[in-house]
Amino acid sequence: MYVKSTTFRSAVGAVLTAALSAVVLPASAASAAESPAAAGTVDTATAQSFGRLADAVLTQRTAALLDTKQSVRRAAPLAEKTVRLSAGQTRTEDTALSALRTRKARLASLGEAYTSADTRVAVDRVRVAAGHATVQATETTTLAYKKIRGDEPATTGFQAHHRLSFAATADGKWQLTGLTSTDDGPLAVNEPATAPVAAARTTALPDATPAAISVPSRPQTKPAGSYNYAAMASYAEKYWQNYNPAYRKFNEAGGDCTNFVSQALKAGGWANTSGDAEDYRSWWYDTSYQSTSWVGANEWSWFTLDAERATNLANVYYMGVGDVMQMDFDKDGSKDHTMVVTYRSSSGVPYLTYHSVNTYRKSVASIIASYPTSAYYAYRT
């Protein structure tokens, strides 16, 4: 059974407003005496409660990151007449909020904070079977940067996808028993889960050199180059959320991050290099296929260094607009994610835009705060 296009909007610190479009529920042959949970269906009110609970949990997570002394009103109660958190999920959320408050402290030590946030949760689908409900939901969150140095961009944003698991109780009510991200790539800033395990170790050459993540005493200015870096940034910020229909998407095939960065580099002047699709020394995309270096994080790095399209930087804070950062989450030698710098503050902080999780202008400090033990690779394009 499916429920589509149910959207909840909230502003952290403000009263939740809900805008519901048509909710399509299948007809049920269950008798009136049989509870909806037992019959394998939920009514419209319960489906809406699922969405409000998802909004409440995700808004509360985001609120844990805000630099504000004012009390933050929850988007909706964490318990309603028919839907609530299970005891186990309540403990999980308590742990999550504690982890996010720790992340907030790490961010503060790196000179970053958020003053407000807005969260929108869209319930994409509800499936019910044998007393269990699975809800697919999309979260779109925007956070406002606190003006600590004064040169921060106005906002950062991301779009994340979640799977919520509900179990029916004996009295026909529902309990949230699980909430997991279904995205690849770095954690959303309000996602407390641990980093995913990377693929098996890869030992191919040429090797990239890891970059330092400490703030340097002297920021480095990016020199003029042969590419249109503004066009790279403009492309990425245009399509970070609404994908360019001229390109295929790879979200279900290992992630879209490197494909997205390749598109931005192409928009800024990178030229195709013909060759066998499996040979990392080629880099191209056409209407039917593409080279592995166009979509693969490791292969992109090997091509880039071999072709001298870019060089490694000694520190991630040296990156400028149009430069690229990659991450190896667990330091196993295999790169897991690719991002492009689309903004750099006057004080020298790079802000990255990327796919999977679709993210706009996330500071390098925020990424480091979430992954302080990962390996980072910075590329001057």
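A polar contact is a pair of N or O atoms within 3.5 Å, where within protein one atom must be able to donate a hydrogen and the other to accept it, and where residues adjacent in sequence count only if both atoms are side-chain atoms. The model is predicted, with local features needing pLDDT of at least 70, side-chain atom pairs counting only at pLDDT 80 or more, and totals for chains, interfaces and linings using all residues. Residues are numbered from 1 along each chain as its sequence is written, and side-chain values use heavy atoms, with hydrogens and water left out.

**Exercise 1.** Determine where N315 lies, whether N315 is buried or exposed, and which residues N315 touches.

*Solution.* Start with the place: N315 is in the loop between β8 (311–313) and β9 (324–328), strands being DSSP runs of E with at least two residues, numbered from the N terminus. Next, take the relative accessible area of N315, which is 5%; because buried means under 20% (1.4 Å probe, protein chains only), N315 counts as buried. Then follow the side chain of N315, which reaches the backbone nitrogen of Y317 at 2.8 Å. Finally, list the contacts (heavy atoms within 4.5 Å): leaving aside residues up to four places away in sequence, N315 touches A211, A212, S214, P216 and A378.

**Exercise 2.** Place S98 in the secondary structure and classify its exposure.

*Solution.* S98 sits in helix α3 (residues 87–109), a helix being a DSSP run of H or I with at least four residues. The relative accessible area of S98 is 38%, so S98 is partly exposed, a class that lies between the 20% limit for buried and the 50% limit for exposed.
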